[in-house]
Amino acid sequence: MLEGNLGKERTGKREEEKIIKPAAAFLRECRSISIPIIFACDSFLQDDFIFQGRMKPHAIRGTDGTRPIPDLEPQVTDIILEKRRFSAFFKTDLDQTLRTLHVDTVAVGGINTHFCVLATAFDAVCNDFSTIILEDISAAYKREIHQSFVDTYRYSAIYPIFRVMKSHEFLVEYTDLI
């Protein structure tokens, strides 16, 4: 969730805004139990190819629009990963970073469920990481779109390496393992 996506003027009514507080709480809990936090941040060029469709220019490299929103309380221990496309793995060093951190499971949340979250989740599996989409800290601009995607993948053929769960379920499962 970036300044360039959500902006500073919020009503609290947009679907993307509704996950900010739960996401911030989840991130605080993850930090308290030493789960690495990686913000995969859009960072586009002004005339980027991706803006040749309907997508409006946003998160332009070199602007504040590429930074995580302050509500998420980014810490110096968090990793900021710039990405040019939907997946956080595409042409980045995320795979190598996760392996260096000895990560075997990737939990993905954010906006938009049907683009960036899903692309990153699929690429995590393609890079041999067990993957979880965190349904309560992911959102799309319409609730129905988000819900249809999480419902579709909740019973995926590649379960249990690809799952959908709520953030508190993930934390309970993680703490049971340590």
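Colleague: Taking helices (H or I, at least four residues) and strands (E, at least two) as DSSP runs numbered from the N terminus, what phi does D128 take just after α5?

Modeller: D128 has a positive phi of about 70°. This is a predicted model, where local features need pLDDT of at least 70, side-chain atom pairs count only at pLDDT 80 or more, and totals for chains, interfaces and linings use all residues. Residues are numbered from 1 along each chain as its sequence is written, and side-chain values use heavy atoms, with hydrogens and water left out.

Colleague: Which residues of α5 are buried?

Modeller: T113, H114, C116, V117, L118, T120, A121, A124 and V125. Buried is under 20% relative accessible area, exposed over 50%, partly exposed in between (1.4 Å probe, protein chains only).

Colleague: And what do they pack against?

Modeller: The buried residues of α5 pack against strands β2 (79-83), β3 (105-111), β4 (130-139) and β5 (162-165), plus helix α6 (143-154). Contact means heavy atoms within 4.5 Å.

Colleague: Switching to α7, which residues are buried there?

Modeller: S167, F170 and L171. Viewed down the axis of α7, they fall within an arc of 95° and so line one face of the helix; the arc is taken over directions from the helix axis to the C-beta atoms.

Colleague: What covers them?

Modeller: The cover over the buried residues of α7 includes α3, β3, β4 and β5.

Colleague: Which residues make the contact between α3 and α7?

Modeller: On α3, F26, E29 and C30; on α7, S167, F170 and L171.
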